[in-house]
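The following note is offered for consideration alongside the sequence and the model. It takes the sheet and its helices, then the nonpolar cores, then the cysteines.

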Amino acid sequence: MSNESTTIVQKLWNFCNVLRDDGVSYGDYVEQLTYLLFLKLADEQTKPPFNKPSTIPADLDWESLRKETGKALEDQYVKILRELSNAEGLLGVIFRKSQNRIQTPANLQRLIHLINGENWSGLTADIKGTIYEGLLQKNAEDTKSGAGQYFTPRALIKAMVAVMRPEPMQTICDPACGTGGFFLAAHDYISENYGSTMPREQKEFLRFNTFAGTDIVDNVVRLCVMNLYLHGIGGTESPITTDDSLMSDTNDRYDIVLTNPPFGNRSSITITADGGKRSSTSLTYERDDFWATTSNKQFNFLQHIKTILKTDGRAAVVLPDNVLFERGAGETIRQQLLKQFDVHTLLRLPTGIFYAQGVKANVLFFDKRPAREEPWTQKLWIYDLRTNKNFTLKTNPLTDTDLQDFITVYNVQNRHERIETERFRAFSYDELIEREHVNLDIFWLKDGSLEDAADLPAPDVLVAEITDNLETALAQFQDIQAELDRDD
């Protein structure tokens, strides 16, 4: 982050500490900043050198807010939020279900003064975007509020994009997009590698048509749309929608899927596959395109992703360990995925890189292929970045350097000429399918921490791991109970 970006982020964030005494949380603060910053940017676009017509009615614009004080200011702000929440396009997405969380007019006026003091349109997209990303990062660090507890480390996102190598005119989807980290990294990759040679058509496609995302939480969608907007992505229509991706197949197909679906073993919604029986005890979606019926969110996202990929489309998905070994529906899904798709790479992630302690996760890379009798997966290459690796969020965070060896051995030029190393091994389709329950939780390195109790994880990490294991076991029993109910 540049000195200019750091200064502005710190200035805005320092005021957040003032508002906390007024009962405004970090998340609420970033949300209010989003509303006000959008109004300020829209106002700047109507002035020289831009001189664009305003997209916001005069009685609801930045100037209508800036000239008020006291109770009149609060009333005007509430009016703006209420009326713009019903607007069409990007405006409606930004202000959807918006509410005033700053109850003291003096604090609201001071925040408006802070934002008004910067010429935001005079900053480059990189600086504006970096400032907003800095605020989102600080919000994610607030683990007490649950904000961004599975916030994907930016070093991991960059590594995933680097080996996926998106190209101009390809479509990229994230069905659980959060604040848009994968989109920004993919946009940067394409711009840096093709920007100087891209014709106008490709540049316009990159801005307006490359990305499509969904998230179920209004506030998260708002933050994502604003994040993309500040980075110069999108136009008057939002590339992001508020919806439950798992509800149905929209028939949209994409070249690339990059995503980190929400963690947690179970959902209140069971999704029935073709021929499955509806549950009498929970909300049920019907998906004829799914292989197995389950309420496990990660398995359902995995099944959704295999549907929305184009033929020869490619996916990179962050998934918790239970997806690799859970029985029942999990076994069926792994069998079908290995057979119908080219499941070629698994990156075992270390613990200590997510804000939720003790999370054990992986990145699964697979390609969609045309239908045929023979299995498409020939070899699954597993890279172990977990065993004997220790990371923490503050003292030893995951960096680009830590993932460089994975990027190198992945061999993006020709992954069919990979070479085994100490941390990188290949397992044939026959080996995988013969493992009990098609368990893909495979490791071979000797764990040094098991030899010395002093190297054990911290107590809070151990407790988190035990809790996660118990929740996984409970989820398996609940799935069995659900299957028995359906049989009855």
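1. Helix α14 (residues 329–340) lies across strands β8 (341–348) and β9 (361–368), and its direction makes about 115 degrees with that of β8. Helices (H or I, at least four residues) and strands (E, at least two) are DSSP runs numbered from the N terminus. Axes are lines fitted to C-alpha atoms, for helices over the stretch in contact, and angles run from 0 to 180 degrees between N-to-C directions.

2. As to provenance, this is a predicted model, in which local features need pLDDT of at least 70 and side-chain atom pairs count only at pLDDT 80 or more, while totals for chains, interfaces and linings use all residues. Residues are numbered from 1 along each chain as its sequence is written, and side-chain values use heavy atoms, with hydrogens and water left out.

3. The open sheet has nine strands in the order β3-β2-β1-β4-β7-β9-β8-β10-β11, with mixed pairing; two strands pair if DSSP finds at least two bridges between them. Its edge strands, each pairing on one side only, are β3 (240–242) and β11 (424–428). From one strand to the next, the twist averages 15 degrees.

4. Strands β1 (residues 172–174) and β2 (residues 211–215) are paired in the parallel sense over three bridges. Opposite Ala 212 in β2 stands Cys 173. Helix α11 (residues 218–230) packs on the sheet, where it touches β2 and β3, and its direction makes about 170 degrees with that of β3.

5. The largest nonpolar core (buried Ala, Val, Leu, Ile, Met, Phe, Trp, Tyr and Cys residues joined through side-chain atoms within 4.5 Å) has 100 residues, and those with the most contacts inside it are Tyr 29, Leu 347 and Phe 365. Helix α2 (residues 26–45) gives the largest share of this core, 11 residues. Apart from it lies another core, of 35 residues, among them Ala 292, Val 438, Leu 440 and Ile 442.

6. Beyond its neighbours within four places in sequence, Phe 365 has contacts (heavy atoms within 4.5 Å) with residues including Met 160, Val 163, Met 164, Leu 347, Phe 406 and Tyr 410.

7. Why is there no bond between the sulfurs of Cys 177 and Cys 224? The two sulfurs are 4.0 Å apart, too far for a bond, a disulfide being a pair of cysteine sulfur atoms within 2.5 Å. The structure holds zero disulfides. Cys 177 is buried (under 20% relative accessible area, with exposed over 50% and partly exposed in between; 1.4 Å probe, protein chains only) at 5%, and Cys 224 is buried at 0%.
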